[in-house]
Amino acid sequence: MSGGLLGFLGEAAVALLLIAGSFFMIVGSFGLLRLPSLMQRLHAPTKATTLGVGGILIASMLFFLFTTGRVSVHELLITLFLFLTAPVTAYMLAKAHLHRARLQKELPPTGRPVGWATFDPAASDPDPDSGLRPTDGR
Amino acid sequence: MIAFALAVGFAAVGLGTIFCLVRLWLGPDAVDRALALDTLVVNAVALIMLLGIAQATQIHFEAALLIAMLGFVGTVAFCKFMLRGDVIE
């Protein structure tokens, strides 16, 4: 870190982003621990994924920009990957939760000739009954 | 100033990791545990980034990227298994 006003401002910006990112990381994990139902718990870690990791990654970018003088783009890669995969993960988790928490007859009709895809038997499965409730944990 | 912020960050992310581990322990459903593992991966990525800043080195980025990718693939595979009883049909 170089001296002078610019170095001080850069250091302050990095420290501020680190504190903000850490705050949102702990908010996300605390929500994951404390919220009562799974659909609410799905909501909390999105803060950790976007704001928390995002803040820490921007702090890292600024830190290496000020120390080495070069722009590092690795962090953007991680940010892009996390932003792309977080909705997919949340969707898959919500779908798995609905699949496990509700019986097949409780689900609303799809309004199409085919039913809910997760209850369809596998295409390669010769026995149509074996694929209905593969992981019934209750 | 950065050293203080890094100490706060390590403490916060470590505490978040402990919260995720408690949720992983409590459950109560397998979906909760998959979600806790996913959040644990996000915490691990943040922890590795903080370590990179603390050591002023850029060699940890590949590790963070790999952990993020493996976490995503692992969570999707868990969900796929819970949905269909099979990962690749």
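Helix α2(B) is largely enclosed by the rest of the structure, because 19 of its 26 residues are buried. Here a residue is buried if 20 or more other C-beta atoms lie within 10 Å of its own, exposed if 12 or fewer, and partly exposed in between, with C-beta atoms placed from the backbone. Helices (H or I, at least four residues) and strands (E, at least two) are DSSP runs, numbered from the N terminus.

This is a predicted model, where local features need pLDDT of at least 70, side-chain atom pairs count only at pLDDT 80 or more, and totals for chains, interfaces and linings use all residues. Residues are numbered from 1 along each chain as its sequence is written, while chains are lettered from A and ligands numbered from 1 in the order in which they are written.

**A helix and what follows it**

Back to α2(B): from its first C-alpha to its last, it reaches 37 Å, close to the 38 Å expected at 1.5 Å a residue. That expected span is 1.5 Å times one less than the number of residues in the helix. Right after α2(B) comes A56(B), which sits in the loop between α2 and α3 of chain B. A56(B) isn't a glycine, and still its phi is positive, about 50°. Is A56(B) buried or exposed? A56(B) is exposed, with 12 other C-beta atoms within 10 Å.

**The core**

Next, the nonpolar core, meaning a set of buried Ala, Val, Leu, Ile, Met, Phe, Trp, Tyr and Cys residues joined through C-beta atoms within 7 Å. The largest one has 51 residues, and V45(B), A46(B) and M49(B) have the most contacts inside it. Both chains feed this core: α1 (4–34), α3 (45–68) and α4 (74–101) of chain A, plus α1 (2–26), α2 (30–55) and α3 (61–84) of chain B, each supply at least two residues. The largest share, 14 residues, comes from α2(B).

Take V45(B) as an example. Two residues are in contact if their C-beta atoms, placed from the backbone, lie within 7 Å. Setting aside residues up to four places away in sequence, V45(B) touches V53(A) and I78(A) from chain A, along with A64(B), I67(B) and A68(B) from chain B.

**Where the chains meet**

How many residues of chain A are in contact with chain B? There are 54 of them, and they meet 48 residues of chain B. On the chain A side, the elements giving two or more residues are α1, α2 (38–41), α3 and α4. Of these, α1(A) gives the most, with 16 residues. This side of chain A divides into 32 nonpolar, 18 polar and four charged residues. For that split, Ala, Val, Leu, Ile, Met, Phe, Trp, Tyr, Cys and Pro count as nonpolar, Asp, Glu, Lys and Arg as charged, and the others, Gly among them, as polar.

**Two helix pairs**

α4(A) takes part in both pairs shown here. Axes are lines fitted to C-alpha atoms, for helices over the stretch in contact, and angles run from 0 to 180 degrees between N-to-C directions.

| Helix pair | Angle | Axis distance |
|---|---|---|
| α4(A) and α2(B) | about 170° | 10 Å |
| α3(A) and α4(A) | about 175° | 10 Å |

Angles under 35 degrees count as roughly parallel, over 145 as roughly antiparallel, 65 to 115 as roughly perpendicular and the rest as oblique. So α4(A) and α2(B) are roughly antiparallel to each other. Their contact includes I78(A), L93(A) and H97(A) on one helix and V31(B), D38(B) and V45(B) on the other. It divides into seven nonpolar, two polar and two charged residues.

α3(A) and α4(A) are therefore roughly antiparallel too. Among the residues making their contact are V53(A) and L57(A) of α3(A), and I78(A) and L82(A) of α4(A). This one splits into eight nonpolar, six polar and one charged.

**Around chain A**

Chain A has four helices and zero strands. Buried residues make up 30% of its 138 residues.

Two exposed residues are worth a look. L6(A) is in helix α1 of chain A and counts as exposed, with 11 C-beta neighbours inside 10 Å. L6(A) and F66(A) are 60 residues apart in sequence and 9.2 Å apart in space, C-alpha to C-alpha. T110(A) is in the segment after α4 of chain A and counts as exposed, with 10 C-beta neighbours inside 10 Å. T110(A) and L65(A) are 45 residues apart in sequence and 52 Å apart in space, C-alpha to C-alpha. Leaving aside neighbours within four places in sequence, T110(A) is in contact with G115(A) and W116(A).
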